[in-house]
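Me: I am new to this structure and would like a close look at a single part of it. Please take one salt bridge as the starting point and then work outward to its surroundings.

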Amino acid sequence: EEEEEEEEESSYDEEECAKRRTECARAMIDLERQFVKLREQLYQERITQVQQRLDGVRRETADEYKKPLADLEEMCRIRDSVADVYKQCRLRNIENKYYSDAKCAEETFFNERTMMIDGIRSELEEKISRLDEERQLKDIELWPGSRKRRHHEHHQSERKRKTVTVSGPFIVYML
């Protein structure tokens, strides 16, 4: 009897275990279906959220879009202002360089002109001094000569002066 009872209990335990096993398997299958369903639902919700965010970006209304766009526009504005300042500085630099080159060319022109004038002046003064020296040499050469010669030359120059008669508004140079 004890054995029968043990057998009944063991068969009862086996039946109950089998029953519980099938219940657990059904519950597990049901849980797996629910999990798959929830996972699919979560996936669809995430796709919907991404689609909404993407639509917001396309319409330029999404916060993820507005903030970086505002930052980019601010950086662009700053770069533009820096570029304008840089351009103004370069223009000022070019103008200063132009004015300094023009001033340098003007000073060079005036310096070269002054040097040329001084050179011509010194050449003329040198020629004048040579001519004065030559004249003085000629005078010295004439000095040792006779008095008649000088007297004769003096009378010739007077004669030439006396023979020249001028009528009308002429300019006469005595050489």
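Reply: In this predicted model, the side chains of Arg77 and Glu74 come together in a salt bridge, with 2.5 Å from N to O. The two residues are 3 apart in helix α2, and so about one helical turn separates Arg77 from Glu74. Neither partner is hidden from the surroundings: Arg77 counts as partly exposed because its relative accessibility is 49%, a value that lies between the 20% under which a residue is called buried and the 50% over which it is called exposed. Glu74 is likewise partly exposed, at 36% relative accessibility.

The helix that carries this pair, α2, covers residues 63-142, and a second salt bridge can be found along it, where the side chains of Asp118 and Arg121 meet at 3.6 Å, N to O. Here too the partners both lie in helix α2 and are 3 residues apart, about one turn of the helix. Asp118 has a relative accessible area of 39% and is therefore partly exposed, while Arg121, with 47% relative accessibility, is placed in the partly exposed class as well.

Helix α2 also contributes to a surface feature of another kind, for Ile120 belongs to this helix and joins Met116, Leu124 and Ile128 in a nonpolar patch on the surface. Together these four residues have about 410 Å² of accessible area. Ile120 itself is partly exposed, since its relative accessibility is 45%, and this value satisfies the requirement that a patch residue have over 30% relative accessible area.

Another residue of helix α2 is Lys66, which is partly exposed with a relative accessible area of 43%. When neighbours within four places in sequence are set aside, Lys66 is in contact with Glu60 and Thr61. The C-alpha atom of Lys66 is separated by 9.7 Å from that of Gly56, a residue 10 places away along the chain.

Turning to helix α1, which spans residues 2-58, one meets a further salt bridge, formed by the side chains of Arg58 and Asp55 at 3.9 Å, N to O. Because Arg58 and Asp55 are 3 residues apart in helix α1, about one helical turn lies between them. The two partners fall into separate accessibility classes: Arg58 is exposed, at 58% relative accessibility, whereas Asp55 is partly exposed, with a relative accessible area of 28%. In all, the count comes to 4 salt bridges, among them the pairs Arg77 and Glu74, Asp118 and Arg121, and Arg58 and Asp55.

Helix α1 also holds Asp13, which takes part in a negative surface patch together with Glu14, Glu15 and Glu16. With 42% relative accessibility, Asp13 counts as partly exposed.

Seen as a whole, the chain has 3 helices and 0 strands, and its elements run α-α-α from the N terminus on. Of its 175 residues, 1% are buried. The chain exposes about 17600 Å², and carbon and sulfur atoms supply 55% of that area.

Terms used: Residues numbered from 1 in each chain as written. Predicted model: local features only at pLDDT ≥ 70, side-chain atom pairs only at ≥ 80, totals over all residues. Heavy atoms only, no water. Patch = residues over 30% accessible without salt bridge, like charges linked within 9 Å, V, L, I, M, F, W, Y side chains within 5 Å. Areas by Shrake-Rupley, 256 points an atom, 1.4 Å probe, with all protein chains shown as cover. Helix = DSSP H or I, 4+ residues; strand = E, 2+ residues; numbered from the N terminus. Buried < 20%, exposed > 50% of the residue type's maximum accessible area, 1.4 Å probe, protein only. Contact = heavy atoms within 4.5 Å. Lys, Arg positive; Asp, Glu negative; His and termini not counted. Charge placed at Lys NZ, Arg CZ, Asp CG, Glu CD.
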